[in-house]
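Student: I would like to learn how to read a sheet and a helix pair. Can we work through an example?

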Amino acid sequence: MPTLSAPLLNDLRDTAMALADAARPQTLRHFRQASLAADNKRDVGFDPVTEGDRGAERAMRDVLARRRPDDGITGEEYGSSQGRSGLTWVLDPIDGTRAYLAGATSWGVLAAVGDEDGPILGLIDQPYLEERFYGGPDGAWLETRTGRRALGTRSTATLDRAILCTTFPEIGTPDERKAFESVRDRVMLTRYGLDCYAYALLALGQIDLVIEAGLNAYDIQGPMALVQAAGGIVTDWQGGPAHRGGQVIAAANAELHALALELLGSPG
């Protein structure tokens, strides 16, 4: 990773904020509008994309072309481009497009920047609620219309007191579902369908675990940077790196992470 001097950190953080600023109006102009339509990116199943997704990513890429032209980009809608700086921006213009279509507010704009070892900093922006969750080497905080508050994960140390979230009840493959259910059956409460907002709630200290499978790098890198900066742990289901996606567990603390990881590894 390039040396992260204070000026570079400030520039990366300011660029991330500029990305979220650019994406907000593009997402809001279509949200909860009767004219909102979606195309399906899959031949089997339903993986929607809207003009909100496309417009937001175009706006974010325009920001990077002006501010950080030497950095690489990986985005959900327009693919990857190589850079020369050693840094890559990972963009998901609307994580939770199904929620976006339904008029629910669990979707968000995701942005992160990092290298081959994972994200350095990232954010989750919820434009409709005007909530911006940021995490990086300089801290973790939530910005709202009323000001800023520091973020920190919970100290819940037992599964029977934990709140677990995931996006889909029918998580992953049958084997992955069985592993997930081994944790679900031990926690106090499980909630479904929160998309990226679950990671924001984890960083906010409202929930304790997020377990998902089948993720892409652009689904997890922004949330991962946020949760880690807030004091949480994000790995794959074997305890290894999670920044490339796949099976992901995010936990509020090391104790809870270890308990859930043991169950994921031995669901029977």
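**Reading the sheet and the helices**

Tutor: Start with the sheet. This is a predicted model. Eight strands make up an open sheet with mixed pairing, in the order β4-β3-β5-β6-β7-β8-β9-β10.

Student: Which are the edge strands?

Tutor: β4 (79–81) and β10 (147–150) are the edge strands. Each of them pairs on one side only. From one strand to the next, the twist averages 15 degrees.

Student: In which sense do β6 and β7 pair, and over how many bridges?

Tutor: Strand β6 (residues 108–115) pairs with strand β7 (residues 118–126) in the antiparallel sense, over seven bridges. To set the register, take Val 109: its bridge partner in β7 is Asp 125.

Student: Which strands does helix α2 lie across?

Tutor: Helix α2 (residues 51–67) lies across β3 (72–75), β4, β5 (88–95) and β6. Relative to β5, α2 runs at about 155 degrees.

Student: Now the helix pair. How are two packed helices described?

Tutor: By the angle between their axes and the distance between the axes. Here, take helix α5 (residues 197–204) and helix α6 (residues 217–229). Their axes come within 9 Å and cross at roughly 5 degrees. Angles under 35 degrees count as roughly parallel, so α5 is roughly parallel to α6.

Student: Which residues make the contact?

Tutor: From α5, Tyr 199, Ala 200, Leu 202 and Ala 203. From α6, Ile 220, Pro 223, Leu 226 and Val 227.

Student: What is the contact of α5 with α6 by class?

Tutor: Eight nonpolar residues, no polar and no charged ones.

Terms used
Residues numbered from 1 in each chain as written. Predicted model: local features only at pLDDT ≥ 70, side-chain atom pairs only at ≥ 80, totals over all residues. Heavy atoms only, no water. Axes fitted to C-alpha atoms, helices over the stretch in contact; angles between N-to-C directions. Helix = DSSP H or I, 4+ residues; strand = E, 2+ residues; numbered from the N terminus. Parallel < 35°, antiparallel > 145°, perpendicular 65-115°, else oblique. Contact = heavy atoms within 4.5 Å. Nonpolar A, V, L, I, M, F, W, Y, C, P; charged D, E, K, R; others polar. Pairing = 2+ DSSP bridges.
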